[in-house]
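Visitor: I would like a close look at a single part of this structure. Please pick one sheet and walk me through what surrounds it.

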Amino acid sequence: MAISADLESVPLHIVARREEIDLPAAQRAVADLLTALGRDPHSAHLADTPRRVANAYAEMLTPREFELTTFPNDEGYDELVLAKDIPVQSLCEHHLLPFQGVAHVGYLPGDRILGLSKLARVVELFARDFQVQERLTKQVADWLQDHLAPKGVGVVIEAEHQCMSLRGVRAAGSRTVTSSLHGILRENPSSRQEFFALTGLTP
């Protein structure tokens, strides 16, 4: 992703830099997959499926651009800021099946505070990709630590994976929980405990 200005200039324009999606090639690939699965991609019910699937994947893999709005922490606020239950939708890179759930993202402000909606935007920035949940969790935490320079960052993601619920063990309802912590939230036991307590999890 590209950042158009330094941290002191607000807002920062955030753009994900990824390879452009070749929609015609994706449509051909979907048609070939249908054929390989014993289906006729030219039948009345499936004739438009390759286009629909290609467009759906393009949407799920393309994060929206946004402005990272930050403000001076003039009041010296030094308590935890936590956004809970941010919706997360991503694609398992091993099976190309969705996983979805919620993210809890918190930080201890340094010199600047972040517009609250931007926490959800940062989650989406990395979620709209082929992912594994562990990496997604760490990417969100690392990005906030690097670009906001807070005293601490905590990210927890709880998600259900369709590669587990629809196939294999078929463990419907099973949720995977991952976390990533930086700074005071990692190093200070009481701050760490407060963060996990506010997310509703036991540290």
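Guide: What follows is a tour of one sheet, the helix across it, and the parts around them. Keep in mind that the model is predicted.

Start with the sheet itself. It is open and has five strands, in the order 8-5-6-9-10. The pairing is mixed. At the edges sit strand 8 (130-131) and strand 10 (176-183), and each of these pairs on one side only.

Now step across it. Strand 5 and strand 8 run in the parallel sense and share two bridges. Look at leucine 91, whose bridge partner in strand 8 is phenylalanine 130. Move on to strand 6 and strand 9. These two pair in the antiparallel sense, over ten bridges. Here histidine 104 stands opposite valine 156 of strand 9. Next come strand 9 and strand 10. They are also antiparallel, with eight bridges between them. Find isoleucine 157, then its bridge partner in strand 10, threonine 178.

Pause on strand 9. How many of its ten residues are buried? The count is nine, so-called mostly covered. A general point helps when you look along any strand. In a regular strand, side chains alternate between the two faces of the sheet.

Next, find helix 7. This helix spans residues 189-199 and lies across strand 5, strand 6, strand 9 and strand 10. Its direction makes an angle of about 70° with strand 5. Which of its residues are buried? They are Ser191, Phe195, Phe196 and Thr199. Seen down the axis of helix 7, the buried residues fall within an arc of 130°, so they line one face. The general rule behind such a face is simple. An α-helix has 3.6 residues a turn, so residues three or four places apart point the same way.

What covers that buried face? The cover includes strand 5, strand 6, strand 9, strand 10 and helix 6 (184-187). Turn to the face of helix 7 that points away from its buried side. Pro189 and Ala197 are exposed there. After the helix comes glycine 200, with a positive phi near 85°.

Now for the nonpolar cores. The largest has 30 residues. Those with the most contacts inside it are Val105, Leu119, Leu136, Val140, Trp143 and Leu144. Several elements supply at least two residues each: strand 3 (66-68), strand 5 (81-92), strand 6 (98-108), helix 3 (117-127), helix 4 (133-148) and strand 9 (152-161). Apart from this core lies another, of seven residues. Its members include Leu80, Leu108, Val156 and Phe195. You have met two of these names already. Val156 stands opposite histidine 104, and Phe195 is among the buried residues of helix 7.

Go back to the largest core and take leucine 119. Leaving out residues up to four places away in sequence, leucine 119 touches Ala83, Ile86, Val105, Tyr107, Leu114 and Leu144. Val105 and Leu144 are also on the list of residues with the most contacts in the core.

Follow strand 5 to its end, into the loop that leads to strand 6. Leucine 97 lies in this loop. Is leucine 97 buried or partly exposed? Its relative accessible area is 25%, so it counts as partly exposed, since buried means under 20%. The C-alpha atoms of leucine 97 and cysteine 163 are 6.0 Å apart, yet 66 residues separate them along the chain. Leucine 97 also touches cysteine 163, along with Ser90, Leu91, Cys92, Gln162 and Arg167, again not counting residues up to four places away in sequence.

The loop holds a charged partner too. Glutamate 93 forms a salt bridge with arginine 135, at 2.8 Å from N to O. Arginine 135 lies in helix 4 and glutamate 93 in the loop between strand 5 and strand 6, so the pair ties together parts that are 42 residues apart in sequence. Both ends are partly exposed: arginine 135 at 31% and glutamate 93 at 33%.

That bridge has company. The whole structure holds six salt bridges. Another joins glutamate 124 and arginine 128, at 3.9 Å. Glutamate 124 is buried, with a relative accessible area of 12%.

Terms used. Residues numbered from 1 in each chain as written. Predicted model: local features only at pLDDT ≥ 70, side-chain atom pairs only at ≥ 80, totals over all residues. Heavy atoms only, no water. Core = buried A, V, L, I, M, F, W, Y, C linked by side-chain atoms within 4.5 Å. Buried < 20%, exposed > 50% of the residue type's maximum accessible area, 1.4 Å probe, protein only. Helix = DSSP H or I, 4+ residues; strand = E, 2+ residues; numbered from the N terminus. Contact = heavy atoms within 4.5 Å. Salt bridge = Lys/Arg side-chain N within 4 Å of Asp/Glu carboxyl O. Pairing = 2+ DSSP bridges. Axes fitted to C-alpha atoms, helices over the stretch in contact; angles between N-to-C directions. Arc of directions from axis to C-beta.
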